[in-house]
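Please look at the structure shown here with its sequence. The report that follows takes up a turn and then the strands around it.

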Amino acid sequence: MPTTTKKPALKKSAARKTAVRKAAARPRVTRQATEPKTVHHERPPKVSYVFAVGRRKEAVARVRWHASQPAGVTVNGLPLATYFPTFELQHIVLQPLVLTHHDTHGAVSAKVSGGGINGQAESVRLGIARALVKVDADLRLVLKRAGFLRRDPRVKERKKYGLKRARRAPQWQKR
């Protein structure tokens, strides 16, 4: 059987030193100044609006306030009177605009999902109020005093195990 001789293994520090020497010996490739750089042209913004989110219970409203468009409110692509048929719900939605006198200029478009119709109206109101504060910071005090910037934290309580609902226990019978 032929015998082979193994080279002695280099210590870690010696192996590191040789790797560093080899890397230093390699020529560095650098970009020359004559090569043209690729230029990415930024697009100008297509739309000018202010975005805000309003929430109430399970309802979430994504609100856009367009300052340059004529006055009006659309919810999920429908006019306000169509989507919220009762006067009370329409009044809830328009409260921040009427209070700050922005109801005559600037269009509001909202996309609402989840929850009931009353929760949706209140979530749109919060979204409009937040958008108006982004437009004009001086309106914050007025809207805050009216209570339109407060997110109502009341949500449905979760069901617990062993119970029928969040707190409703099964009927108990003595005998």
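## The turn residue N76

The side chains of N76 and Y83 are joined by a polar contact of 3.3 Å, a polar contact being a pair of N or O atoms within 3.5 Å, of which, within protein, one must be able to donate a hydrogen and the other to accept it, while residues adjacent in sequence count only if both atoms are side-chain atoms. The side chain of N76 also reaches the backbone nitrogen of V112, at 2.8 Å. N76 lies in the loop between β3 and β4, and its relative accessible area of 34% makes it partly exposed (buried is under 20%, exposed over 50%, partly exposed in between, with a 1.4 Å probe and protein chains only).

## Basis of the model

This is a predicted model, in which local features need pLDDT of at least 70 and side-chain atom pairs count only at pLDDT 80 or more, whereas totals for chains, interfaces and linings use all residues. Residues are numbered from 1 along each chain as its sequence is written, and side-chain values use heavy atoms, with hydrogens and water left out.

## The strands around the turn

β3 and β4 form a hairpin with two residues between them, and N76 in the turn has a positive phi of about 55 degrees. Strands are DSSP runs (E, at least two residues), numbered from the N terminus, and two of them pair if DSSP finds at least two bridges between them.

β3 (residues 72–75) has alternating side chains, with V73 and V75 buried on one face and G72 and T74 pointing to the other, where they are not buried. V75 has L78 as its bridge partner in β4, and V75 also stands opposite A110 in β5.

How values were computed:
Helices (H or I, at least four residues) and strands (E, at least two) are DSSP runs, numbered from the N terminus.
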